[in-house]
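Got the viewer open? Let's take a short walk through this one, selecting a few things as we go.

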Amino acid sequence: MRKFFDVNDIGDLSKALEEAAQVKKTPFAWKHLGMDKTIMLVFFNSSLRTRLSSQKAAYNLGMNPIVLNIGQDSWKLETEMGVVMDGDKSEHLREAIPVMASYCDIIAVRSFAGLCDRDFDYAETVLNQFVQYSGKPVISLESATVHPCQAFADLITIEEYKKTARPKVVLTWAPHPKALPQAVPNSFAQWMNAADVDFVITHPEGYELDPRFAGNARVEYDQMKAFEGADFIYAKNWSCPGVTRPQDYGKILSKDMSWTVGDRQMAVTNDAYFMHCLPVRRNMIVSDSVIDAPTSLVIPEAANRVVSIQVVMKRMLEALQ
Ligand code: AN0
Ligand code: CP
């Protein structure tokens, strides 16, 4: 495995889920694979789960992690090509990437969407420079358009908790005070489309996800209707993906608090589990009552972040042996 961005990169999903179950049961069984190997974890943005779960997974595999916070521990890096570097950025990615690559065997990168230039973001300009100039296997730790480690952990969690062979899974938009990327819902949609689930997306008009991720998923604009009979509710805010109106890309189109997931909506589900990738804003995205209920999976879901990235690292290490 040379890169981990898309659901396709993991291959057969039932095999990946079996491997995840094995990794979860015996996390230290592959410690020999990472001996004398180093993974560079590069963060352009904040993180709690991704940073810690990546470090933990690396340790489980006997691998050394090096964490770099760009702009705090390092120089500020220029990401655009052909610019006159007379601003506050002291170094270009073009040099920084091969330098970082020379110190490690695998590179993992968190680089959020800027939400200003849709073409720059949707071309995965930053992550693709890592692929092009590192010569090393590259993992997205949430890049401009995808968060595959999260979506894989979400799928593992759904597999563990599902009560029927083909559960109904609903991705719902919810309000948030700041403009957020589309990476989490994009990947969740992509992975759910590939999994054996009945998948429905609900959001206010204008929040349509890019078709390359939403595929043929059913979209229901009436949140209550979408929730009927659901087994899993996956809440997330995202800013305007700019599919129908490119000029609205990255904007907040709605702060409608009637979309906050609460007891009213959960009442029409099939006693659904509640999921969110975290960090979550209580009583904006979800009511205290729903996130504190026994049906909330947010903690086991976060715990599975170690499992998902460990499977990815393990496969990359196997390919390097
Ligand atoms: C980020 C986002 O929505 O993409 C990270 C989520 C894993 N969330 C925030 O910035 C609050
Ligand atoms: N879910 C997730 O990726 O969390 P962090 O942003 O804290 O890493």
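## First stop: the ligand

Select Gln150 together with ligand 2: an N or O atom in the Gln150 side chain is 3.0 Å from a nitrogen atom of the ligand. Keep in mind that this is a predicted model.

Now add Leu278, where a backbone N or O atom lies 2.9 Å from a nitrogen atom of ligand 2. Then pick Arg305: one of its polar side-chain atoms lies 3.0 Å from an oxygen atom of ligand 2. How much of ligand 2 does the protein bury? Of the 250 Å² that ligand 2 exposes when taken alone, the protein buries 93%.

Next, turn on a surface and look at where you are: ligand 2 sits in the largest pocket. To see the residues around ligand 2, select Ser47, Leu48, Arg49, Thr50, Arg110, His147, Gln150, Cys277, Leu278 and Arg305. Color that shell by type and you'll get 3 nonpolar, 4 polar and 3 charged residues.

## Second stop: the sheet

Switch to cartoon view and find the open sheet of 5 strands, with parallel pairing and the order β10-β9-β8-β11-β12. Why do β10 (218-219) and β12 (273-275) have one side without a neighbour in the sheet? They stand at the edges, each with a single partner strand, so nothing in the sheet flanks the other side.

Zoom in on β10 and select residues 198-202 as well: that's strand β9, which pairs with β10 in the parallel sense over 2 bridges. To finish, show Ile201 and look across to β10, where Val219 stands opposite.

Technical notes:
Residues numbered from 1 in each chain as written. Chains lettered and ligands numbered in written order. Predicted model: local features only at pLDDT ≥ 70, side-chain atom pairs only at ≥ 80, totals over all residues. Heavy atoms only, no water. Pairing = 2+ DSSP bridges. Helix = DSSP H or I, 4+ residues; strand = E, 2+ residues; numbered from the N terminus. Near = heavy atom within 4 Å. Polar contact = N/O pair within 3.5 Å; in protein donor to acceptor, adjacent residues only side chain to side chain. Areas by Shrake-Rupley, 256 points an atom, 1.4 Å probe, with all protein chains shown as cover. 1 Å grid on protein atoms, 1.4 Å probe; cavity = no way out; pocket = protein on both sides within 12 Å on 5 of 7 lines; lining within 4 Å. Sits in = over half its atoms within 2 Å of the grid points. Nonpolar A, V, L, I, M, F, W, Y, C, P; charged D, E, K, R; others polar.
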